[in-house]
Amino acid sequence: MTTATLRGNDRVLHVAWPDGTSADFPFLWLRDNCPSGFHPQTQERLFDLTAIPADLSVAEATVTDTEIVLTWDAIDHESRYTPDWLYNHRPGLGLADPAKIAPTLWRGDLHKGDIPRANAADLMARDDALLAFLLTAKKTGLAIVDGMEDDKDAGMTIARRIGFLRETNFGTTFEVMSKPNPNNLAYTSHALPLHTDLANQELPPGFQFLHCLANEAEGGGSTFCDGFAIATDLRERDPEAFDLLANTPVPFRFQDADYDIRRHHTVIDLDAFGELHELHFNAHLAGIFDLPADRMEAYYRAYRTIMQMTRSDDYVITTRLEGGEMVIFDNRRVLHGRAAFDPNTGFRHLRGCYVDRGEFDSRIRVLSRPK
Ligand code: OGA
Ligand code: ZN
């Protein structure tokens, strides 16, 4: 049976479960997370932490078959927790999250056939197929949907099944084709070296969807590389370059007749735990570096090093999207590019949109709920 012992000097309740696991629960944490303090429907916290003294203590802890019951000093309140709930919320454990998926890194030896793939009709019709696809797409950061209808809105329809579309200055969706008066290199027939989109934005879009409606011109093949694999290898091989790229903000900028959107980012962005969070890498949107002159040379060395890695067969995969395929990738992890094409030899048209990481993760969590 579960036991609960007060350890007043440490201001914790020590709980031991029958499987041998034990944990300490600080008094303030217990009061702050007392189930009575949450709205029964919304599950949002109603309890006000400032309404209790900071030195609040548990007066008594009793354990029944189904509950641990606490009475408090100084306040007239009783708190009840199930042993299972406490077990699953042990401090320091990190809460279970179906969308927390470690990336599987890949390098230049990934073949097109190894890229996770799903059929458009299956994804639209079956939640289990969608969930399985989202989980693998998140692991690899790159996936393909095939069997797409020859309909301009088909990509958007699948993206919307996952989450809200992220609108940008290029619209809710954007047409990637060679256009007169382009405001973006993507809208020419030039090659696009590997990049992440919209690094000039405060928060660059998360997942990108590029539905290939036609790819009949000569050239126009696609390239991808896993920015997390590159950053991981760089961290090991050249820690000085890694640190410079992770700690030096550089400017990115997009401008046309209607917009001038600018933001500084580091090329490599780590989260609060020191894990890779995202990359911002876009040589065509990079602004004029504005570091002090005496740091410029060292920074350029680091920047060229990662840029060379994005040109290396060790990391880059080359493939060709066919009409009816849609590629999906985490734009803040996987870099994408394309070879130049000759618009006089045939039509090339991709239609793109974005769904941010938060919406993507939310769909994974909702689809993972017990039925
Ligand atoms: C883009 C882009 C790739 C392609 O539109 O941002 O990178 O294959 N397009 O045209
Ligand atoms: Zn792009």
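Two residues are taken to be in contact when heavy atoms of theirs lie within 4.5 Å. On that basis, 72% of the contacts with a separation of 6 or more in the protein chain of this predicted model join residues 24 or more positions apart. Anyone reading along the sequence will therefore do well to keep the 3D view open, with contact meaning heavy atoms within 4.5 Å.

The overall build of the chain comes next. Nine helices and 22 strands make up its secondary structure. Along the principal axes, the C-alpha atoms occupy a box of roughly 80 × 60 × 40 Å. Of the 371 residues in the protein chain, 48% are buried. The chain exposes an area of about 18,600 Å², and carbon and sulfur atoms contribute 50% of that area.

A good place to zoom in is the zinc ion (ligand 2). Its protein donors are H195 through NE2, D197 through OD and H336 through NE2, at 2.0 to 2.1 Å from the ion. Written as a sequence pattern, the donor residues follow H-x1-D-x138-H. D197 sits in the loop between β10 (192-195) and β11 (207-215), whereas H336 belongs to strand β20 (residues 334-338), so this pair ties together parts of the chain that are 139 residues apart in sequence. Both of these donors are also shielded by the protein. D197 counts as buried because its relative accessibility is 12%, where buried means under 20%. H336, with a relative accessibility of 7%, counts as buried too.

The interior holds another feature to look at. One cavity of 30 Å³ or more is present in the structure, and the largest cavity encloses about 40 Å³ of space. Its lining consists of K152, G155, M156, T173, H211, R351, G352 and C353. Two or more of the lining residues come from each of the elements α5 (154-162) and β22 (348-355). Strand β22 gives the most, with three residues. Sorted by class, the lining of the largest cavity has two nonpolar, four polar and two charged residues. To find this space in the viewer, residues such as M156 and C353, both part of the lining, can serve as landmarks.

Conventions. Residues are numbered from 1 along each chain as its sequence is written. Chains are lettered from A and ligands numbered from 1 in the order in which they are written. This is a predicted model: local features need pLDDT of at least 70, side-chain atom pairs count only at pLDDT 80 or more; totals for chains, interfaces and linings use all residues. Side-chain values use heavy atoms; hydrogens and water are left out. On a 1 Å grid over the protein atoms alone, a cavity is a set of points where a 1.4 Å probe fits but cannot get out, and a pocket is an open set with protein on both sides within 12 Å along at least five of seven lines; lining residues have an atom within 4 Å of a point. Grid points are joined across faces, edges and corners, and a volume is the space filled by probe spheres set on the points. Helices (H or I, at least four residues) and strands (E, at least two) are DSSP runs, numbered from the N terminus. Ala, Val, Leu, Ile, Met, Phe, Trp, Tyr, Cys and Pro count as nonpolar, Asp, Glu, Lys and Arg as charged, and the others, Gly among them, as polar. Buried means under 20% relative accessible area, exposed over 50%, partly exposed in between (1.4 Å probe, protein chains only). Accessible areas come from the Shrake-Rupley method with a 1.4 Å probe; for residues, only the protein chains shown count as cover. Donors are N, O and S atoms within 2.8 Å of the metal (3.2 Å for Na, K and Ca); water is not among the atoms, so sites may look incomplete.
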